[in-house]
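User: I would like to go through the labels attached to this model and hear the reasoning behind them. Please set each value against its cut-off before concluding.

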Amino acid sequence: MAGYKQAQILSGHADWVYAVAVCAATGRVITGAYDNTARVWKRGEEGKYVLEQELEGHHNAVVAVAVCCQTGSIVTGSWDRTAGVWARVARKEEEAYHLQQTLDGHSGSVTAVAVCPLSGSVITSSYDKTSRVWTRGTEGGGYVLAQVLEGHVKGVAGVAVCALTGNIITSSWDKRAFVWEKAEEHFEVGQVLEGHSDCVKTVAVCPRTGRVVTGSLDTTVMVWDRVEREGKEPIYALIQVLKGHRKDVYGVAVCEKTGDIITGSADKTAAVWAKQEKIRPKQVMRGHDSCVTAVAVCQQTGAIITASEDKTARVWVRRKGDEAQRSQ
């Protein structure tokens with residue numbers, strides 16, 4: 001039988017695991033949890049993940065994680081209203097992640113973080129209805145606030161960055177997603193994506209195509225493609241609504257190699273959606289004992305990582321039959 005199988009359970013967090021990311025360069029997995037910590041997992045012998053380091057420093061739940069593909073630095077977002085930048089440095093003959101900088105300024109909990117693959121800028125989003133763009137300072141001076149993105153009328157729930165254009169996409173409890181485009185030195189709202197009937201909890205962008213995927217508490221996922229227009233700027237158009245989850249959609253991700261969409265839901269499942277004539281459900285992955293809160297894809301191996309309120313993250317790998325079929 002083709003598809004994915006559960007290969008490993010990552011346990012150790014003392015509370016709900018609410019965030020997951022994978023480093024594109026090293027394959028390290030980063031998880032964030034309600035126990036106020038993030039954990040770094042590296043691949044050990046026989047491809048199994050082992051705990052490499054626990055990141056402590058936040059004073060409330062860690063609900064967002066991201067990795068800078070240029071430097072390997074980890075960014076964490078927390079309900080303590082801050083984001084942390086963790087750099088891997090050598091101290092006392094040991095190489096480990098250390099808190100390099102705390103990004104503060106939000107007046108509400110930080111709900112999502114992202115790193116621009118083109119510039120290395122960090123974007124933080126918050127219940128305070130704003131997102132903030134942090135750019136690298138000169139001469140290694142750390143990150144400085146470059147712009148506050150205002151426009152949503154309720155809290156911002158998710159954020160992603162397009163690797164092709166550098167556009168920022170934010171999603172919100174106001175049931176909308178905004179596409180922020182760079183105009184000279186600042187970002188402006190280029191388009192509002194509407195259609196969901198409840199909070200747009202999560203957003204992802206395909207690194208290869210720029211396709212935007214939004215997931216909502218209305219149980220649906222919407223797929224948006226950038227459409228060229230003669231004599232006008234291209235816009236995102238809704239091409240399909242994915243229905244199948246029975247409860248809120250909390251996480252979405254896109255596999256760069258295959259274009260498959262991965263979703264995670266409060267119905268305790270994750271789903272893989274593959275494009276044939278239309279985007280259809282390819283597999284439903286069951287195993288978690290509670291809500292699936294976040295999903296990520298390892299671009300090196302194609303493995304899927306799911307996070308859950310059952311205090312674990314799980315690693316799902318392709319069965320051999322599926323790998324052979326994809327390589328043809």
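User: Which residues does Gln101 touch, not counting residues up to four places away in sequence?

Analyst: In this predicted model, Gln101 touches Ala83, Gly84, Val85, Gly142 and Tyr143 once residues up to four places away in sequence are set aside. Gln101 itself belongs to strand S9, which covers residues 94-103.

User: Why does Gln101 count as buried?

Analyst: The label buried requires a relative accessible area under 20%, and Gln101 has 18%, so Gln101 counts as buried.

User: What makes the approach of the Gln101 side chain to the backbone nitrogen of Tyr143 a polar contact?

Analyst: The side chain of Gln101 reaches the backbone nitrogen of Tyr143 at 2.7 Å. A polar contact needs a pair of N or O atoms within 3.5 Å, one able to donate a hydrogen and the other to accept it, and the distance of 2.7 Å therefore falls within that cut-off.

User: Why is Lys311 called partly exposed?

Analyst: Lys311 has a relative accessible area of 40%; because partly exposed lies between under 20% for buried and over 50% for exposed, that value places Lys311 in the partly exposed class. Lys311 sits in the loop between strand S27 (304-308) and strand S28 (313-318), and, leaving aside neighbours within four places in sequence, Lys311 is in contact with Leu10, His13, Ala14, Asp15, Trp16 and Val17.

User: What makes the phi angles of Arg81 and Thr219 worth listing, and where do these residues lie?

Analyst: Phi of Arg81 is near 80°, a positive value in a residue other than glycine, and Thr219 has a positive phi of about 80° although Thr219 is not a glycine. Arg81 lies in the loop between strand S7 (74-78) and strand S8 (83-91), while Thr219 is found in the loop between strand S19 (212-216) and strand S20 (221-229). With relative accessibility of 45%, Arg81 counts as partly exposed, and so does Thr219 at 23%.

User: How do you know which classes of residue line the largest pocket?

Analyst: The lining of the largest pocket, whose volume is about 1,200 Å³, has 42 nonpolar, 6 polar and 2 charged residues. Of the 50 lining residues, the closest to the centre of the pocket are Val20, Ala21, Val65, Ala66 and Val113; because Ala and Val count as nonpolar, these five belong to the nonpolar class.

User: How confident is the predictor in the chain?

Analyst: The protein chain averages a pLDDT of 93, and 96% of the residues score at least 70, whereas over residues 324-328 the pLDDT is below 50.

Terms used:
Residues numbered from 1 in each chain as written. Heavy atoms only, no water. 1 Å grid on protein atoms, 1.4 Å probe; cavity = no way out; pocket = protein on both sides within 12 Å on 5 of 7 lines; lining within 4 Å. Points joined across faces, edges and corners; volume = space filled by probe spheres on them. Helix = DSSP H or I, 4+ residues; strand = E, 2+ residues; numbered from the N terminus. Buried < 20%, exposed > 50% of the residue type's maximum accessible area, 1.4 Å probe, protein only. Contact = heavy atoms within 4.5 Å. pLDDT = per-residue confidence, 0-100.
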